[in-house]
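Colleague: I am new to this one and would like a close look at a single part. Please take me through the loops, and then through the elements that they join.

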Amino acid sequence: MKIIITVVCTWLSIFPVYTQATQASGKQIALIFDEGPVPGKTESLLKQLESLQITATFFPIGREMEKFPDQTQAIIAAGHQLGNHSYSHMDLAQMSLSSAKEEIKKTCRLLQRHGYIDKPMFLPPFGRISEELGTLLQDQNFKIAHWDLDPSQHLQQGDIQAAADYLSKNAKHGSVVLLHPMYDQYHQVIEALPLINAQLKAAGFHFVTLEQLTAD
Ligand SMILES: [Zn+2]
């Protein structure tokens, strides 16, 4: 597996292929947790995910992984998937190609240093990526993560029930939900997760990692 990462983290070249759910029995849905890790918040979130029996995908920022190796390690140890979300969380679509490549490479190296041996998926900061970079990433067989459901607006307003209802109403097999538990929406996400979990499981969904959702 390490060999695969080395290949992925060097560069060659075609078009962004976004992650797509494969056919599987039952309805699958993935939660992705954007940014961090933040000490304290990461541990609480991991504890909650364990109690709700949810496996998820984390996209920490490279620079923060460097600052907080213990929290990064704890995410891996808890069995969640980790992905590449760039080193400094700048808008890569506005950067030179070489700087954008460096952002991703540096984060790949960090993931490896943390012992993360699976092939990382890439979630572009702000969901933006230039065609040129997308082409390069695709040629490296990078899967580019994206999401179709984002309950931030309801969470920002503190309306936990509306967030859960929005997800139950719009979720389908293969949906990817973006959540921001590391900074200003921490309390709302922590409060909303049990309700989201209950409503989606009652609707027949299973929580899986992005890798499981898109497995061949
Ligand atoms: Zn982000």
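**Loops and their surroundings**

Modeller: H146 sits in the loop that runs between α6 (131-139) and α7 (152-156). Helices here are DSSP runs of H or I with at least four residues, strands are runs of E with at least two, and both are numbered from the N terminus. The model is a predicted one: local features need pLDDT of at least 70, side-chain atom pairs count only at pLDDT 80 or more, and totals for chains, interfaces and linings use all residues. Residue numbers start from 1 along each chain, as its sequence is written.

H146 has 16 C-beta neighbours inside 10 Å and so counts as partly exposed. The scale is this: 20 or more other C-beta atoms within 10 Å of a residue's own make it buried, 12 or fewer make it exposed, and anything in between is partly exposed, with C-beta atoms placed from the backbone. The C-alpha atom of H146 is 6.9 Å from that of G127, a residue 19 places away along the chain.

Next is the loop between α1 (2-9) and β1, where G26 lies. G26 is exposed, because 9 other C-beta atoms lie within 10 Å. Its partner in space is far along the chain: G26 and F205 are 179 residues apart in sequence, with 7.0 Å between their C-alpha atoms. Apart from neighbours within four places in sequence, G26 is in contact with G204 and H206. Contact means that the C-beta atoms of two residues, placed from the backbone, lie within 7 Å.

On the other side of β1 (27-34), the loop that leads to α2 holds P37. The peptide bond between G36 and P37 is cis, with omega about 0°. V38 is in the loop between β1 and α2 as well. It counts as partly exposed because it has 19 C-beta neighbours inside 10 Å. V38 and E64 are 26 residues apart in sequence, and their C-alpha atoms are 7.7 Å apart.

The loop between β3 (81-82) and α5 (97-113) contains S86, and H89 lies in the loop between β3 and α5 too. Both residues have positive phi values without being glycine: phi is near 75° for S86 and near 60° for H89. Most residues other than glycine have a negative phi, and most peptide bonds are trans. S86 has 23 other C-beta atoms within 10 Å and is therefore buried, whereas H89 has 18 and is therefore partly exposed.

Now the elements themselves. The chain has ten helices and five strands, and 40% of its 216 residues count as buried. The largest nonpolar core has 49 residues, and A30, L31 and I32 have the most contacts inside it. Such a core is a set of buried Ala, Val, Leu, Ile, Met, Phe, Trp, Tyr and Cys residues joined through C-beta atoms within 7 Å. L31 touches I54, A56, V177, L179 and F207, leaving aside neighbours within four places in sequence.

Helix α2 (residues 41-52), which follows the loop of P37, packs against helix α4 (residues 69-77) at about 10°, with the axes 10 Å apart. Axes are lines fitted to C-alpha atoms, for helices over the stretch in contact, and angles run from 0 to 180 degrees between N-to-C directions. The two helices are therefore roughly parallel; angles under 35 degrees count as roughly parallel, over 145 as roughly antiparallel, 65 to 115 as roughly perpendicular and the rest as oblique. T42, E43 and L46 of α2 meet Q71, A74 and I75 of α4.

α2 also packs with α9, at about 5° and with the axes 11 Å apart, so α2 and α9 are roughly parallel. K41, S44, L45, Q48 and L52 of α2 make this contact with Y186, I190, L193, P194 and N197 of α9. By class, there are six nonpolar, three polar and one charged residues. Ala, Val, Leu, Ile, Met, Phe, Trp, Tyr, Cys and Pro count as nonpolar, Asp, Glu, Lys and Arg as charged, and the others, Gly among them, as polar.

Helix α9 (residues 186-202) also has helix α8 (residues 160-170) as a neighbour: their axes come within 9 Å and cross at roughly 40°. α8 and α9 are therefore oblique to each other. Their contact has eight nonpolar, four polar and one charged residues.
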